[in-house]
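Please walk through this structure one part at a time. The paragraphs below begin with one helix and end with the contact between chains.

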Amino acid sequence: MAANTARSIRADLQIIADMIEPHSRLLDVGCGDGTLLEYLDRHKHVDGRGIEISTEGVDACVSAGLSVIQGNADTDLADYPDQAFDYVVLSQTLQAVQAPKTVLGHLLRIGRRAIVSFPNFAYWRLRWHLAARGRMPVSNSLPYQWYETPNIHFCTIKDFVELCDAMGITIERSISLDHRGTMRRIGSLVFFANLFGEHAVFLLSK
Amino acid sequence: MTVTHSHATERKDARPLPGHRVKLGADRPLRLDCGAELHDFPVAYQTYGSLNRDKSNAVLVCHALTGDQFVAEPHPVTGKPGWWDLMVGPGKTLDTERYFIICANIVGGCMGTAGPKEIDPATNKRWGVDFPVITIGDMVGAQALLLDHLGIEQLFVVIGGSLGGMQVLQWAAAFPERVFAAVPIAAAAHHTAQNIAFHEVGRQAIMADPDWCGGDYENNGKHPHRGLAVARMAAHITYLSETALHRKFGRRLQDRKAVTYGFDADFQVESYLRHQGIMFVDRFDANSYLYITRAMDYFDLTGEHGGVLANAFRGTKTRFCVFSFTSDWLFPTEESRKIVHALNAVAANVSFVEIESEDGHDSFLLEAPEFHRVLNGFLNGAAEHRGLPRAG
């Protein structure tokens, strides 16, 4: 509710925003500075809440009038009641949690749908970086050295699809983004997306 | 009900208090948790700003243990600035040009509201320890009667720190439909064993003073100033942090170059605490200190709701913003987190920020730009949802 006018948001956040029905109830886990929550409040009149681990992020969100608590996905999701939200969003955070499978379970317990986005570790540039240089990939979207990265559980699109299968989770929609931000439906073309998708966004239900 | 504006509180020992005083509970008494009833009892309060046409901009400030209704004006006894002068005023975070700020002296207090220092109408003598033991529920009950009197159906915000924050939680639990937004600061849903222990030290100091006279000092022309000062000194330490004490005083000596090998106040910290104690007794009543600390000890919102704090807030539509401070060891962040977890469990609308600060429990009273900025953002967001006009 800051006075600034609508601004363009990151491509993966735009994809997430487009998946959300107006006037729904939403929890954004790892909401950062509240960009998505603010966009959804402004454009879709969503009743949004957030959880954010960083003090700066929480400060920015609450200062902007958003309802955000300081907390983290590993410890704070267990409190929420079943089916309290229409959507629970976990954007670019799955790889940073202690227990991704447990967190994923909570997302679909708390929300009727979950939206998960993550960097695809099988993206060809990352594969090339590892294969050719023999070192952990560092890129624009994954800028950390291995010894200081908050990202402790990388996965690939294929890994994620298999985990959803194993947990009985339905993939309603799946979209990959290449380094130019071009969107492609993943659908059954997992092999292709896993190679050329730099990021992936999944709409899930149970 | 009768109201007397800018009217003297009948006090033999002081000049008339500024502000408002109203008699409440004349037609329907306030039933206290202990079973007693208060009939036709006084509540002293102060207001800043003006109530808008649809009465939607009222903010209730709940004061802490040793606070009072003089939030944003010189204190009538000490002449010092209001205890939340940094927060309340034109253009400040609680902007008196936008909001109608109300603060009432709590039941059990000593600045004009019913309490041990006031006259018991049944005996025409000071209540002393014959005043019924009150709870935070009773304090909030009296405030609710005051709102009825003022014709305010719903508060825009209830806000307070420490005991004030406990009242905020009690408000949100007892009268959820009357609270649009709630801001408990440096608070807890119950008093811990450590909290109770510190309070017991303070009470024992007062009751050990022979001038306490079994609580009947007013009618004996005495005052347990020494006991009350010691209580204040002990409590004051708990409001600060080790870091803050070190920064302010270290081991520095008071107006001397070397220790005196005696029990004079050699150290600055001793001198400071003695000063705090002496200043306090001029403006506070020893029996009130007993009653209010007791009320805090009895507070247990979790226990009252079957051991599940979430039950206190089930179905709530109130927007919450919970604050804690990193260096507050009296009401630590962990206690605020319990409140947040309970609110999450009922999918309430809640924000929670732990503010970085070195000033301990008292942080909420001091310069804390981050705290003010975040609170301001929360209030603006809530005001937008409440349909109040934007800040000018």
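A residue is called buried if 20 or more other C-beta atoms lie within 10 Å of its own, exposed if 12 or fewer do, and partly exposed in between, with C-beta atoms placed from the backbone. Helices (H or I, at least four residues) and strands (E, at least two) are DSSP runs, numbered from the N terminus. This is a predicted model, in which local features need pLDDT of at least 70 and side-chain atom pairs count only at pLDDT 80 or more, while totals for chains, interfaces and linings use all residues. Residues are numbered from 1 along each chain as its sequence is written, and chains are lettered from A and ligands numbered from 1 in the order in which they are written.

Start with helix α2 of chain B, residues 163-174. How many of the 12 residues of α2(B) are buried? The count is 11, and the helix is mostly covered. The buried residues are B:Leu163, B:Gly164, B:Gly165, B:Met166, B:Gln167, B:Val168, B:Leu169, B:Gln170, B:Trp171, B:Ala172 and B:Ala173. From its first C-alpha to its last, α2(B) reaches 16 Å, close to the 16 Å expected at 1.5 Å a residue. The expected span of a helix is 1.5 Å times one less than its number of residues.

Next comes the division of chain B into domains. The bounds come from an automatic or database domain assignment, which gives domain 1 (2-190 + 300-386) and domain 2 (195-294). The C-alpha centres of these two domains of chain B lie 25 Å apart. Two residues are in contact if their C-beta atoms, placed from the backbone, lie within 7 Å. By that rule, 26 residues of domain 1 of chain B are in contact with 23 residues of domain 2 of chain B. The domain 1 side of this contact has 11 nonpolar, 9 polar and 6 charged residues. Here Ala, Val, Leu, Ile, Met, Phe, Trp, Tyr, Cys and Pro count as nonpolar, Asp, Glu, Lys and Arg as charged, and the others, Gly among them, as polar.

Some single residues of chain B can be picked out. B:Ala186 lies in the loop between β13 and α3 (193-208) of chain B. Its phi is positive, about 45°, although B:Ala186 is not a glycine. B:Ala186 has 31 C-beta neighbours inside 10 Å and therefore counts as buried. B:Cys213, in the loop between α3 and α4 (225-239) of chain B, is another residue other than glycine with a positive phi, near 55°. With 16 other C-beta atoms within 10 Å, B:Cys213 is partly exposed.

B:Met207 belongs to helix α3 of chain B. Because it has 16 C-beta neighbours inside 10 Å, B:Met207 counts as partly exposed. B:Leu343 sits in helix α9 (residues 333-345) of chain B. B:Leu343 is buried, because 26 C-beta neighbours lie inside 10 Å. Leaving out residues up to four places away in sequence, B:Leu343 touches B:Phe313, B:Phe320, B:Ala348 and B:Val350.

The last helix to follow is α10(B), residues 369-386. Its 18 residues should span 26 Å at 1.5 Å a residue, and its end C-alpha atoms are 25 Å apart, which agrees. Among its buried residues are B:Val374, B:Gly377 and B:Phe378. What do the buried residues of α10(B) pack against? They pack against α3 of chain A together with β12 (155-161), β13 (179-185), β14 (319-325) and β15 (349-355) of chain B. After α10(B) comes B:Gly387, with a positive phi near 80°.

That helix leads to the contact between the chains, which takes 19 residues from chain A and 22 residues from chain B. On the side of chain A, the elements that give two or more residues are α3 (55-63) and β3 (67-70). α3(A) gives the most, with 5 residues. The residues of this side divide into 10 nonpolar, 5 polar and 4 charged.

The axes of α3(A) and α10(B) come within 7 Å and cross at roughly 40°. Axes are lines fitted to C-alpha atoms, for helices over the stretch in contact, and angles run from 0 to 180 degrees between N-to-C directions. The two helices, α3(A) and α10(B), are therefore oblique to each other. Angles under 35 degrees count as roughly parallel, over 145 as roughly antiparallel, 65 to 115 as roughly perpendicular and the rest as oblique. In this pairing A:Asp59, A:Val62 and A:Ser63 of α3(A) meet B:Glu370, B:Arg373, B:Val374, B:Gly377 and B:Phe378 of α10(B). By class, the residues of this contact are 3 nonpolar, 2 polar and 3 charged.
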